[in-house]
Amino acid sequence: MKFKKFMRTYRPFTRAGMLESVAYRANFICFLLGEIMSCFIMFFVWKAVFNSTSGQDFMGFSMNDMVVYLFITFLTGYLTYSDGTYAIATEIRDGSIAMRMIKPCSFDMCFLFQELGNKIFNVLVIFTPIVVGVEAYKWVITGSCQFNVVNFLLYVVSLILAYLISFYFNVSYGFMAFYLKNLWGADILKECIVNFLSGATIPLAFMPPFLASVLSFLPFSSLSYTPVMIYMGMYSPFEIVYKMLFQVFWLAVMILISKLVWRHAVKRLCSQGG
Amino acid sequence: MIYVNDLRKEFKKTIKEPGLKGSLKALFKPNNEIITAVDSITFHVPKGEILGFIGPNGAGKSTVIKMLTGILTPTSGTCEINGYIPQKNRQKYVKEIGVVFGQRTQLWWDLALRETYSVLKEIYDVPDAEFKSRMAFLNEVLELDDFISSPVRTLSLGQRMRADIAASLLHNPKVLFLDEPTIGLDVVVKDNIRNAIQKINAEEGTTVILTTHDLADIELLCNRIVMIDKGKKVFDGQISELKREFGQMRDLHFELTHTDDFDKLVYLEDFKVTQDDVEIKNEGASVSVRFNSDKISVEDMLSYTLAKVHVKDINVKDADIEEIIRRLYKREVSIDEV
């Protein structure tokens with residue numbers, strides 16, 4: 001019953017998000033093209049790296065693994081991307097956050113459900129083609145169907161956890177705008193650091209062992225590296241359980257941080273712009 | 001219904017010295033100053049009243065409204081509305097209030113207006129039947145039909161304001177906060193909006209708190225006004241009281257045909273009044289006289305002036321609200337000094 005009430009309150013935000021996302025179709029198409037292009041650029045860079053190495057493998061990755069890694073990382077990064085920092089910082093900067101506070105809903109839930117709505121079409125447009133494409137590629141290269149349903153389903157679960165971690169991380173980060181007033185620079189800095197630390201730029205396995213083990217304990221590896229490795233079947237069942245629990249742990253930490261920051265920040269709100 | 005007790009809000013403001021050097025200094029060693037935006041305000045509003053909350057720009061009106069709606073946290077003091085403390089039970093509290101900030105919109109920028117209302121219906125849990133009759137009512141008073149299918153970003157200011165007011169009334173709030181709801185609107189739209197406020201107040205007994213710079217809003221709508229300046233309350237009472245005391249000031253403006261004629265006008269001596277009741281300013285050929293119409297009738301003033309001098313152009317108008325506030329505030333100061 002409580003759940004039903006909860007959904008009734010927040011479903012409209014998802015609907016609003018969906019309607020918003022179709023209001024700017026050209027924007028979405030441009031964004032998608034840009035992302036796909038940068039994905040192919042990475043593909044050709046790594047292809048050059050593999051071509052110039054003597055052996056078949058490069059640090060335990062074959063070229064095939066690398067292709068799967070690149071595209072699944074791209075997909076994961078795209079799906080777990082959260083606009084929270086930017087959206088919240090903008091609302092704080094121009095003061096429109098006040099309009100959210102006069103609505104009878106929880107602040108982070110509004111954002112979450114609105115963003116989910118924003119994402120639905122993007123997910124439909126991008127998810128299936130990439131997964132089908134990657135699996136078709138593997139089939140052609142190896143000559144047999146490699147699709148593993150269990151890994152795929154575990155990937156989806158891990159992906160959802162990763163998105164929620166990303167969301168709460170971004171919300172917490174966005175609240176910094178209460179103190180800094182303008183978050184544009186800090187947001188760019190965050191993107192760079194997170195992309196590197198999460199293994200989205202370079203697989204963590206390619207990094208020096210010490211750095212790799214440090215990074216695997218930070219929350220960032222949960223954002224991208226964990227779900228991708230699960231999809232690729234790189235983890236043993238024990239590792240999968242362990243890594244997912246690790247994700248749940250970081251999710252709890254992020255939710256806690258966002259609540260604490262919100263509680264503290266809201267007192268400092270000074271509602272800019274009249 | 002609404003109890004505000006000793007409400008106070010302070011902001012920290014960083015003082016920057018001018019230039020790049022000053023900015024750098026402020027970055028490393030900020031020099032903070034505490035600004036008191038709202039200074040110990042106390043008032044009480046009974047159910048069903050329309051309260052006009054007025055004061056000059058920067059007086060702290062919006063800050064008070066923001067504290068009452070739970071957006072800002074007071075530095076000290078309390079406010080209690082419908083038995084809720086806005087900052088404590090925010091989600092429950094805001095379900096029973098409607099808020100319109102004239103300078104912002106609560107509508108979804110990219111959605112058609114109709115969609116916005118159905119989103120709000122779900123958020124506020126409005127039953128279908130009630131939603132239908134409410135929409136019909138709001139449609140009728142605010143004439144939303146012409147633009148209900150357009151995306152909010154394409155609405156004109158007047159349309160948007162009407163839409164915003166409708167949005168704030170959809171869930172039949174017990175208290176309605178309106179922060180400058182008629183700012184920048186034409187006469188017809190203003191009428192529309194005043195009408196809606198009046199109707200909703202009469203039919204549902206909604207308590208309304210309204211800030212405005214338009215004296216007509218106050219005159220047509222409010223039973224009572226609270227006036228603040230520099231964060232302090234300077235007047236609290238019936239509108240008739242205010243008018244009796246301060247609303248009698250008129251401004252007479254005219255353009256002399258011969259600039260030298262100015263010396264012929266000796267209002268103070270001829271009408272035997274003090275400077276409190278007549279205040280004269282002139283700059284070249286243009287003259288403005290502010291006078292108390294209780295002491296000197298408009299007719300006497302005009303006939304005296306026209307008999308003494310030749311004028312090119314002449315008009316009389318009410319002193320605006322900021323002028324009334326200024327006089328009021330000045331009086332307070334002079335009382336303190338005595």
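Two residues are in contact here if their C-beta atoms, placed from the backbone, lie within 7 Å. With that in mind, this tour moves through a predicted model, one selection at a time.

**Chain A as a whole**

Begin by selecting chain A and colouring it by secondary structure, which comes to 12 helices and 0 strands. Reading along the sequence, you will meet the pattern α-α-α-α-α-α-α-α-α-α-α-α. The radius of gyration of chain A is 20 Å, close to the 19 Å that the globule rule gives for 274 residues, so chain A is as compact as a globular protein of that length. If you turn the chain along its principal axes, its C-alpha atoms fill a box of roughly 65 × 40 × 40 Å. Of the 274 residues in chain A, 32% are buried. When contacts between residues at least 6 apart in sequence are considered within this chain, 82% of them join residues at least 24 apart.

**Two helices inside chain A**

Next, select residues 84-94 of chain A, which form helix 4, together with residues 149-175 of the same chain, which form helix 7. Their axes come within 7 Å and cross at roughly 30 degrees; angles under 35 degrees count as roughly parallel, and helix 4 and helix 7 of chain A are therefore roughly parallel to each other. The crossing of these two helices is right-handed. To see where they touch, show the side chains of A:Gly84, A:Thr85, A:Ile88 and A:Ala89 in helix 4, which meet A:Phe167, A:Asn170, A:Val171, A:Tyr173, A:Gly174 and A:Phe175 in helix 7. By class, this contact has 6 nonpolar, 4 polar and no charged residues.

**Where chain A meets chain B**

Now bring chain B into view and select the contact between the chains, which takes 23 residues from chain A and 24 residues from chain B. On the side of chain A that touches chain B, the elements giving two or more residues are helix 1 (2-23) and helix 5 (97-101) of chain A. Helix 1 of chain A gives the most to that side, with 9 residues. The residues on this side of chain A divide into 12 nonpolar, 5 polar and 6 charged.

Keep helix 1 of chain A selected and add helix 4 of chain B, for the axes of these two helices come within 7 Å and cross at roughly 160 degrees. Angles over 145 degrees count as roughly antiparallel, and that makes helix 1 of chain A roughly antiparallel to helix 4 of chain B. Their crossing is left-handed. In the helix of chain A, pick out A:Arg8, A:Thr9, A:Arg11, A:Pro12, A:Arg15, A:Ala16 and A:Leu19, which meet B:Glu115, B:Val119, B:Glu122 and B:Ile123 in the helix of chain B. The residues of this contact divide into 5 nonpolar, 1 polar and 5 charged.

**Two loop residues in chain B**

From helix 4 (113-123) of chain B, follow the chain into the loop that leads to helix 5 (128-142), and stop at B:Asp125. Although B:Asp125 is not a glycine, it has a positive phi of about 65 degrees. B:Asp125 is exposed, with 12 other C-beta atoms within 10 Å.

For the last stop, select B:Asn172, which is found in the loop between helix 6 (157-169) and strand 6 (175-179) of chain B. B:Asn172 also is not a glycine, and it has a positive phi of about 50 degrees. B:Asn172 is partly exposed, with 14 other C-beta atoms within 10 Å.

Key: Residues numbered from 1 in each chain as written. Chains lettered and ligands numbered in written order. Predicted model: local features only at pLDDT ≥ 70, side-chain atom pairs only at ≥ 80, totals over all residues. Helix = DSSP H or I, 4+ residues; strand = E, 2+ residues; numbered from the N terminus. Buried ≥ 20, exposed ≤ 12 C-beta atoms within 10 Å, placed from the backbone. Nonpolar A, V, L, I, M, F, W, Y, C, P; charged D, E, K, R; others polar. Rg over C-alpha atoms; globule rule 2.2 N^0.38 Å. Axes fitted to C-alpha atoms, helices over the stretch in contact; angles between N-to-C directions. Parallel < 35°, antiparallel > 145°, perpendicular 65-115°, else oblique. Left-handed = near helix turned anticlockwise from the far one by under 90°.
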